[in-house]
Amino acid sequence: FTFGEKFIVDGTTRVPTQALSDVAELQGVDADILKVDSQGMDRDILEQGTALLDRAFYVEMEPGFNDSYLEENTYAEVDIFMREQGFRLFDLNCHRVPRNNTMQAHVAGTSQILWAESLWLRDYVWMDQQGLFPAITPGKALKILLICEVEGRYDFGLELAELFAAKGLVEEVRVDGLSTRWPLPDPPPDPGPKSLLRSTLR
């Protein structure tokens, strides 16, 4: 590829590393969003931090479609791992790079995809269908719906809102109308502990 010379090894350096599960500052953290940009080590890192991943709803990574790095976790491997954890792919922003030949100077044509920014969301609907719905708090459910609102994932947000209402995590009155209108409605003047979003998170 056109930037192949950047992958020539001209030296090695050993650096200390630590698994996510061993990072003291992350013990007991209930993270809703994770972003991993590790030059091909995404799956390896998350495999060592499943306690953190199990509590996340939104995960962004940049896996490659080819093994550009030594022992790289390719997209195919990441996809299998994330699906096993109950996540589903929701978006891809693909990056194309021309191959290293005389055609690289020509604008016409479509080059090969080398990597992509990928967005994964935990599919609580599917998990419920499989009898795997985890224990989450009303506050957690609110934050999940807020992420769907901010990201514009209205169709999936509707399904989650209906599921959370059926499980008593959010008030059904707050879910009414979401099939035709987002964002979520403002809370009543005196919101209870299960009222949604803005008053709870303010």
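Modeller: Before we turn to single residues, a residue is called buried when its relative accessible area is under 20%, exposed when it is over 50%, and partly exposed when it lies in between. Please keep in mind throughout that this is a predicted model.

Colleague: Why is D128 called partly exposed?

Modeller: D128 has a relative accessibility of 30%, and since buried means under 20% and exposed means over 50%, that value falls in between, so D128 counts as partly exposed.

Colleague: What makes the contact of D128 with K167 a salt bridge?

Modeller: The side chains of D128 and K167 meet with 2.9 Å between N and O, and because the cut-off for a lysine nitrogen and an aspartate carboxyl oxygen is 4 Å, the pair qualifies as a salt bridge. This pair links distant parts of the chain, with D128 in helix 4 (residues 124-129) and K167 in the loop between helix 6 (154-166) and helix 7 (172-175), 39 residues apart. K167, with a relative accessible area of 37%, is partly exposed as well, because that value also lies between 20% and 50%.

Colleague: How many salt bridges does a search of the whole structure find?

Modeller: The search of the whole structure finds eleven. One of the salt bridges joins D32 to K143, whose closest N and O atoms are 3.2 Å apart. It again links distant parts of the chain, as D32 lies in the segment before strand 1 and K143 in helix 5 (residues 138-151), 111 residues apart.

Colleague: Are D32 and K143 buried or exposed, and what are the values?

Modeller: D32 has a relative accessible area of 13%, which is under the 20% limit, so D32 is buried. K143 stands at 27%, between the two limits, and therefore counts as partly exposed. Both residues also belong to a network of salt bridges that links D30, D32, K140 and K143.

Colleague: What makes the meeting of E60 and K35 a salt bridge?

Modeller: Their side chains come to 3.0 Å, N to O, and as this is within 4 Å, the pair is counted as a salt bridge. E60 is in strand 2 and K35 in strand 1, 25 residues apart, so that this pair too links distant parts of the chain. E60, at a relative accessible area of 22%, is partly exposed because its value is not under 20%, whereas K35, at 52%, is over the 50% limit and therefore counts as exposed.

Colleague: Why are strand 1 and strand 3 described as standing at the edges?

Modeller: The four strands form an open sheet in the order 1-2-4-3, with mixed pairing. Strand 1 (33-36) and strand 3 each have a single partner strand, so one side of each is left without a neighbour in the sheet.

Colleague: How do you know that strand 2 and strand 4 are paired?

Modeller: Two strands pair if at least two bridges are found between them, and four bridges join strand 2 (residues 58-61) to strand 4 (residues 112-122), which run antiparallel, so the condition is met. Among the facing residues, V59 stands opposite W120 in strand 4, and the bridge partner of M61 is S118. Strand 3 and strand 4 also pair in the antiparallel sense, over ten bridges, and here W120 is the bridge partner of L89.

Colleague: What makes the nonpolar surface patch, and what is its area?

Modeller: F65, L89 and L92 make the patch, with an area of about 210 Å². L92, which lies in strand 3 (residues 87-97), has a relative accessibility of 35%, and because a patch residue needs over 30%, L92 meets that requirement, while the value is still one that counts as partly exposed.

Colleague: Which accessibility classes do C94 and C148 fall into?

Modeller: C94, at 33%, lies between 20% and 50% and so counts as partly exposed, whereas C148, with a relative accessible area of 1%, is under 20% and is therefore buried. The structure holds zero disulfides, so no pair of cysteine sulfur atoms lies within 2.5 Å.

Notes:
Residues are numbered from 1 along each chain as its sequence is written. This is a predicted model: local features need pLDDT of at least 70, side-chain atom pairs count only at pLDDT 80 or more; totals for chains, interfaces and linings use all residues. Side-chain values use heavy atoms; hydrogens and water are left out. Patches are made of residues with over 30% relative accessible area and no salt bridge: like charges are joined within 9 Å, nonpolar side chains (Val, Leu, Ile, Met, Phe, Trp, Tyr) within 5 Å. Accessible areas come from the Shrake-Rupley method with a 1.4 Å probe; for residues, only the protein chains shown count as cover. Helices (H or I, at least four residues) and strands (E, at least two) are DSSP runs, numbered from the N terminus. Buried means under 20% relative accessible area, exposed over 50%, partly exposed in between (1.4 Å probe, protein chains only).
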